[in-house]
Amino acid sequence: MTELKNDVYLRALLRQPTTRTPIWMMRQAGRYLPEYRAVRAEAGDFMSVCQNPELACEVTLQPLRRFALDAAILFSDILTIPDAMGLGLYFETGEGPRFQRPLQDHASIAALPIPDPEQELRYVMDAVRTIRRELKGEVPLIGFSGSPWTLATYMVEGGSTKNFAKVKQMAFAEPQSLHLLLSKLADAVTLYLNAQIAAGAQAVMIFDTWGGVLSPRDYREFSLAYMQRIVDGLTREAEGRRVPVTLFTKNGGQWLADMAATGADALGVDWTTDLASARAAVGERVALQGNMDPSMLYASPQRIRDEVKTILASYGEGHGHVFNLGHGIHPTVDPEHAAAFIDAVHEFSPAYHR
Ligand code: CP3
């Protein structure tokens with residue numbers, strides 16, 4: 001394998017010394033970039049881009065050509081696993097993801113197969129291998145998956161939801177069915193992430209987008225317990241380096257100490273929690289990633305620069321901070337504003353690493 005030229009992101013995740021704060025953006029490849037929209041239009045739909053390793057590689061690299069980012073993230077989706085389990089993923093324009101065959105009952109959960117990543121999800125592993133080759137060691141590649149709870153919300157609801165009625169009904173009225181589903185998903189995610197690592201992913205991130213809709217007790221029972229199982233089963237070293245794992249529960253600011261106790265290397269933080277209090281909660285145990293409100297990218301470049309300064313000061317001196325947005329970049333953001341954001345992190349962060 002080619003030597004890694006920029007390891008600032010991997011070092012920061014492990015709280016090792018760096019000369020500046022690394023930066024990448026959630027959903028950095030996507031519709032706010034005209035060059036992404038062109039590939040998407042050519043391919044027809046989003047899943048066709050994901051399933052074509054050359055196109056997935058191309059859109060993964062697009063933001064790196066424009067901006068001085070410190071990591072690439074695999075272009076794919078968290079819903080590839082449920083699709084490979086046979087639920088039939090499709091995207092209705094403007095409606096978000098949908099499943100043709102959402103889970104209805106215990107029997108359909110019991111019958112769910114656990115996908116072999118190099119078979120049913122081979123297109124993802126081929127994308128990882130292609131991207132690693134084309135990155136030529138410039139920056140590390142992040143692999144990812146959804147958390148079992150977040151995947152289960154889509155599988156039981158049949159798509160996006162506002163009140164989580166069906167999946168919470170299952171949680172509270174038929175907990176044994178939901179636990180069976182979460183347990184299968186934890187196995188599937190562990191295999192999937194380990195296969196991504198074997199294919200060349202140099203760090204992995206677990207997106208628990210919907211853990212924050214649960215009560216503290218239910219969060220531990222239905223989300224955190226299954227992320228713990230994944231962390232315990234992950235390959236933690238490859239190519240002679242540690243493979244850091246980042247957990248991100250959106251709206252999970254009150255549970256950071258519990259999340260740190262899983263043994264993850266880093267935690268994602270959204271903008272509803274101050275980095276200073278997040279750091280106080282986790283101490284020296286984990287690195288922190290975040291946490292600018294993605295909507296701040298609608299402000300003027302000057303306002304964005306000021307916000308970057310505020311967030312750097314909030315984390316404070318020392319290592320272990322990966323700059324990011326607190327959630328995905330919005331499709332209507334001006335790429336010039338993203339550039340101002342990234343440049344500001346490069347300009348102002350070295351002062352915190354002396
Ligand atoms: O960050 C990156 O650049 C990597 C790509 C990535 C995508 N989805 C591409 C995508 C990642 C890491 C994801 C994760 C994902 N997918 C999550 C967890 C993170 C989060 O955002 O909370 C979730 C919940 C999903 C499920 C999903 N996929 C939804 C709800 C949607 C529709 C939302 C939308 O913006 O339309 C998708 C589609 C999707 N995934 C798009 C992209 C670029 C938009 C597809 C398109 O129209 O081109």
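**Exercise 1. Determine which residues G200 is in contact with, leaving aside its neighbours within four places in sequence.**

*Solution.* Apply the contact criterion: two residues are in contact if their C-beta atoms, placed from the backbone, lie within 7 Å. With neighbours within four places in sequence set aside, the contacts of G200 are V128, R129, R132 and L141. The model is a predicted one, in which local features need pLDDT of at least 70 and side-chain atom pairs count only at pLDDT 80 or more, while totals for chains, interfaces and linings use all residues. Residue numbers start from 1 along each chain as its sequence is written.

Next, place G200 in the fold: G200 lies in the loop between α10 (175-199) and β5. Helices (H or I, at least four residues) and strands (E, at least two) are DSSP runs, numbered from the N terminus. Then classify its environment. A residue is buried if 20 or more other C-beta atoms lie within 10 Å of its own, exposed if 12 or fewer, and partly exposed in between, with C-beta atoms placed from the backbone. G200 has 21 other C-beta atoms within 10 Å and is therefore buried. Finally, relate G200 to R98: the two are 102 residues apart in sequence, and their C-alpha atoms are 30 Å apart.

**Exercise 2. State the strand order of the open sheet of seven strands and identify its edge strands.**

*Solution.* Two strands pair if DSSP finds at least two bridges between them. The order that results is β1-β4-β5-β8-β9-β10-β11, with parallel pairing. β1 and β11 each pair on one side only and are the edge strands.

One pairing within this order joins β5 (residues 203-208) to β8 (residues 245-249) through five bridges in the parallel sense. There, F207 has F248 of β8 as its bridge partner.

**Exercise 3. Describe the surroundings of strand β10 and the handedness of the crossovers on either side of β10.**

*Solution.* Begin with burial: β10 (residues 287-292) is mostly covered, six of its six residues being buried. Then take the partner β9 (residues 266-268), which runs parallel to β10 and is joined to β10 by three bridges. A266 has A287 in β10 as its bridge partner. Between these strands the chain passes through helix α13 (residues 275-282), giving a right-handed β-α-β crossover. A crossover is right-handed if, with the strands pointing away from the viewer, the path from the first strand over the helix to the second runs clockwise.

Now take the partner β11 (residues 321-325), which pairs with β10 in the parallel sense over five bridges. In this pairing G290 stands opposite F323 of β11. The β-α-β unit formed by β10, helix α14 (residues 301-315) and β11 is also right-handed.

**Exercise 4. Compare the length of helix α4 with the expected span, and identify what covers the buried residues of α4.**

*Solution.* Helix α4 (residues 53-66) has 14 residues. The expected span is 1.5 Å times one less than the number of residues. The distance from the first C-alpha to the last is 21 Å, close to the expected 20 Å. The buried residues of α4 are A56, C57, E58, V59, T60, Q62 and P63. Their cover includes α2 (34-43), α3 (46-50), β1 (72-73) and α7 (122-135).

**Exercise 5. Locate A29 and Y154, which UniProt annotates under "binding site", and establish whether each is buried or exposed.**

*Solution.* The annotation comes from an unreviewed UniProt entry and covers R27, Q28, A29, G30, R31, D77, Y154, T209 and H327. UniProt positions are given in the numbering used here, feature names are shortened, and annotations may be inferred rather than shown by experiment. The annotated residues spread over 301 residues of sequence and, in space, up to 22.8 Å between C-alpha atoms.

A29 is in the loop between α1 (8-13) and α2. A29 is buried, because 24 other C-beta atoms lie within 10 Å. Beyond four places in sequence, A29 is in contact with Y36, V59, T60, Q62, P63 and F75.

Y154 belongs to helix α8 (residues 148-157). Y154 has 26 C-beta neighbours inside 10 Å and so counts as buried. Beyond four places in sequence, the contacts of Y154 are L79, P82, P97, F99 and G159.
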